[in-house]
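Biologist: I am new to reading structures like this one. Please take me through it with short questions and answers.

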Amino acid sequence: MICLYFTFFLVPWQFCTFILKFLISANHLDGLEEMDSNPMVSSLLNKLANYTNLTQGVREHEEADEDEGAKKQTVKSPQMGTFIGVYLPCLQNILGVILFLRMTWIVGTAGILESFIIVSMCCSCTMLTAISMSAIATNGVVPAGGSYYMISRSLGPEFGGAVGLCFYLGTTFAGAMYILGTIEILLTYIVPSAAIFKAEEKAQEADALLNNMRVYGTCCLTLMALVVFVGVKYVNKLALVFLACVVLSILAIYAGVIKTIFEPPIFPVCLLGNRTLQNHGFDKCMKTEIIDNVTVTTKLWSLFCKGPELNASCNEYFTLNNVTEIQGIPGLTSGVISENMWGSYGPAGMLVEKAMPSVPASDASQDKHMPYVVNDITAFFTLLVGIYFPSVTGTFTCNSDLSCVVMFGACIEGVLLRDKFGDSVKGNLVIGTLSWPSPWVIVIGSFFSCCGAGLQSLTGAPRLLQAIARDGIVPFLEVFGHGKANGEPTWALLLTAVICESGILIASLDAVAPILSMFFLMCYLFVNLACALQTLLRTPNWRPRFKYYHWTLSFLGMSLCLALMFISSWYYALVAMLIAGCIYKYIEYRGAEKEWGDGIRGLSLNAARYALIRLEEAPPHTKNWRPQLLVLLNLDSELSVKHPRLLSFTTQLKAGKGLTIVGSVLEGTFLSRESDAKRAEQSIKSAMASEKTKGFCHVVVSSNLRDGFSHLIQSAGLGGMKHNSVLMAWPTNWKQSSDPQSWKNFIETIRETTAAHQALLVAKNVDSFPHQERLAEGTIDVWWIVHDGGLLMLLPFLLQQHKVWRKCKMRIFTVAQLDDNSIQMKKDLQMFLYHLRLNAEVEVVEMHDSDISAFTYEKTLVMEQRSQMLKQMQLSRTEREREAQLIHDRNTASHAALNDKPDVSPERVHMTWTKDKFCTERNRNRDHSANMAVRDLFSMKPNQSNVRCMHTAIKLNEVVANKSQGAHLVLLNMPGPPKNRVFMSVYCATSFGFSRS
């Protein structure tokens, strides 16, 4: 066990003194409001009727807008209603690029069953998130910001800012994905001849396509950004046209599926053996044909042979296998659904083959140069999840996509489903071959769908960034909160276009889709977390009108979001979490503090309550013991901290670990000094922030300082989280103090700390302690006078963990008497340090029982004489202190004269009372016995115990000064609390006379 009954004096030596000044808040409490300042009943009812549940953060940037626009002409901001501003954008995202360009490929690659699983997982995730979002959205008014607003007001500004910025990045990359989809449709299915970069060989086709996507994508982004900049009203007008095309495209797909039952469309697919051929350079699926009874070769022959002659050298696989033509869309009743039930994954460059027999060739090295349909990327289940997820946004998606999975698998041939760009059907959009009346309906509809979705992303993302910037939680984003006179986010649009361009430079729809999936999934995860947290905490403000929710559904949705993140791409998930974590820590470190009543704060309160109850169950084990400090500060007349370096030392000792309570006491009554208490608390908090001290502040108003400090020692802390150590500064000028209670308050504090079974740390010359500057190599000297179980050893170890004291080494000194075995004591102490796992130099100092010096005897005698004399003279308390100080000063001067002239015997101490004063006292009817007692003061002898204590203190002072003159810090422990002023002088004598104290 660690014994906590001793007092510790910390004496710094080689530091300069710094003076710190703190600004004091000028806020004063003028009094309670009068009744006539309260609102009338009608005004109160009007406020209740217009209640919007807007938090302080929203009001702040609304008021900022009002101040900014005071000198400008009021311009009405365009308002988008629920239908145009919410429903249509969501519908365009639902019926977007993934459905038209990648859905058939996903079904063909994963198979019907696994595609059904992919769609079901993603739809379940969004469905559960929609339930959670409905609960949050109906728990108040949600202004600009959408998901960001809901998360930030539910989980706090740190989570809200991190997830909001991630959602902003996801929306921005979604714009890049839609633009890439637009260009892919344009260059692949509408005007392939418009390509700027053309491939001379088949191996260069992929690079040429990527370069074309970058050039045309940049031009398309510039055009869309200009449209958004000109005005949102034009985007809204175009949205209706785009949506009409999308709806017609969906109807055309369903009509085409129904038509396949009676009359399947004619889209033949040519197979060589079991391999699918690109139908670009030939028009007939045959090797030879008979014209006028003459067998001639076809264009297909020229693709695999070195000449049109029948005896020309041809590709081995072409020679061994026959050409077969099958229908790409056999129809709903053809039974092809059984063939498409299972997936067909493969690496990049793998040939798209049908499950039928063929004769393999011995040399397959030339296959990559032949006109076969191949996989452009490596396909696997998790990749398909990441590509598909951006198209999932609700119930409508689930129903339509699940039906599309079944329809595509039941109507379209498997090799055509796996043909991503429709090369086997002469470059037609695969889903377009299924539509009725023409494939162009789907091509035009998907083109306008991607254009509209891209415009909506470029419209929504800047507004989301503007909402984050106006909340002021991310300082470097504040510039993006400004815009045009009507509120349009110009600067945010510029940044959005720049980030979107980075996604376009990737130039691959399949590579961009998983990126924005990560950001969307992270946003959905925290929406579910916010709903679950608010439900479990049962906060009074949690009263959503939407009742069909439960915390288990939110928790399931949160788990599913997290699982989908790592299923889609574990490294993208880690990168997204790292970005969110960095934003979170930045907002926590530099962001503005906002009090939004978030759920994380409520969770912290519940966790703190649970932890405090657990701590109350049993006392902490010795292994977990660390100093939990109560720092007692003194304030000056202006309520500024007298010794701010005491907080610096606290920071260096604690390093942010454990409990730190900084307390102070004001004299008076709480009713009269309430405003002073608040000012003092703000002053202490400012000093704590300046000294980087993490802890709690507590200011007590009491009738006197002694009772106030006693209350702090007894009641500071809560439950099991209480302090076990008290840190305070040594009272400076306690001998010359005009207040007689200065040293008595200090002594009583020591005694009460000991009575509370707490350790006391007293820092002497605290203003000379280091601030934040790193110390050069030196030592921390520990004078182990009283055994304390190792607490004195722990203090320098804790200090060495801080950068200020890291280069300092620890030295431990212990004192031995003549009858002690110094060698054995050193070995025992070294073994003790070994068990404590501390590195320190050990030195045993021997102190001889030399004769008590005349100065020690005289000083002790004078101290006792003056105490008795003042009692006999019956002076007032203030006069006693003045007389005692004069006695002490004269005694010190006489001792200095003795040191200068050692051969001269010391003179008798002259007392400050005179014969006239004695006669005056006798005239006050004092007893004769009392007069005799005053005369006997000259013949009294000092208490031998006091003489011995003073002698030990002076001898120890000499040893410490000799051994630790160059130390950066000296730590001593003393036995027992002082009982009177004599012991105060003894303690002071221990550290008296150092040149740099």
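Modeller: Let's start with a word we will need often: a residue is buried if its relative accessible area is under 20%, exposed if over 50%, and partly exposed in between (1.4 Å probe, protein chains only). This is a predicted model, so local features need pLDDT of at least 70 and side-chain atom pairs count only at pLDDT 80 or more, while totals for chains, interfaces and linings use all residues. Residues are numbered from 1 along each chain as its sequence is written, and side-chain values use heavy atoms, with hydrogens and water left out.

Biologist: Let's try that out on Glu289. Is Glu289 buried or exposed?

Modeller: Glu289 sits in strand E4, residues 288-291 (helices, H or I with at least four residues, and strands, E with at least two, are DSSP runs numbered from the N terminus). Its relative accessible area is 17%. Because that is under the cut-off of 20%, Glu289 counts as buried.

Biologist: Which side chain does the side chain of Glu289 join in a polar contact?

Modeller: A polar contact is a pair of N or O atoms within 3.5 Å; within protein, one must be able to donate a hydrogen and the other to accept it, and residues adjacent in sequence count only if both atoms are side-chain atoms. Here the two side chains are 2.7 Å apart. The partner of Glu289 is Lys284.

Biologist: Thr753 has a polar side chain contact too. Which residue's backbone oxygen does the side chain of Thr753 reach?

Modeller: Thr753 is part of helix H25, residues 741-755. With 0% relative accessibility, Thr753 counts as buried. Its side chain comes to 2.7 Å from a backbone oxygen, that of Thr749.

Biologist: Staying in helix H25, which residue forms a salt bridge with Glu748 at 3.1 Å?

Modeller: A salt bridge is a side-chain nitrogen of Lys or Arg within 4 Å of a carboxyl oxygen of Asp or Glu. The partner here lies in helix H24 (residues 705-715), so the pair ties together parts that are 42 residues apart in sequence. Glu748 counts as buried at 17% relative accessibility, whereas its partner counts as partly exposed at 37%. That partner is Arg706.

Biologist: Glu748 also meets Arg751 in a salt bridge. How many residues apart are Arg751 and Glu748?

Modeller: Their N to O distance is 3.7 Å. Arg751 is partly exposed, with a relative accessible area of 38%. Both residues lie in helix H25, about one turn of the helix from each other, and their separation in sequence is three residues.

Biologist: How many salt bridges does the structure hold?

Modeller: One of them joins Asp367 and Arg275, whose closest N and O atoms are 3.2 Å apart. This pair links distant parts of the chain, 92 residues apart: Asp367 is in the loop between strand E6 (323-327) and helix H12 (381-388), and Arg275 is in strand E3 (residues 275-276). Asp367 and Arg275 are both buried. The number of salt bridges in the structure is 18.

Biologist: How many of the nine residues of helix H6 are buried?

Modeller: Helix H6 covers residues 147-155 and is mostly covered. Its buried residues include Tyr148, Ile151, Arg153 and Leu155. Just after H6, Gly156 takes a positive phi of about 100°. For H6 itself, the buried count is nine.

Biologist: Now to the surface. Which helix gives the most to the nonpolar patch?

Modeller: Patches are made of residues with over 30% relative accessible area and no salt bridge: like charges are joined within 9 Å, and nonpolar side chains (Val, Leu, Ile, Met, Phe, Trp, Tyr) within 5 Å. The nonpolar patch is about 590 Å², with Leu562, Phe566 and Trp570 among its residues. Helices H19 (551-568) and H20 (570-590) each give two or more residues to the patch. The top contributor, with four residues, is H20.

Biologist: Lys803 belongs to a patch of positive charge on the surface. What is the relative accessibility of Lys803?

Modeller: The patch gathers Lys692, Arg774, Lys803, Arg806 and Lys807. Lys803 is placed in the loop between helix H26 (791-800) and strand E13 (808-816). Lys803 counts as partly exposed because its relative accessibility is 32%.

Methods. Areas by Shrake-Rupley, 256 points an atom, 1.4 Å probe, with all protein chains shown as cover. Lys, Arg positive; Asp, Glu negative; His and termini not counted. Charge placed at Lys NZ, Arg CZ, Asp CG, Glu CD.
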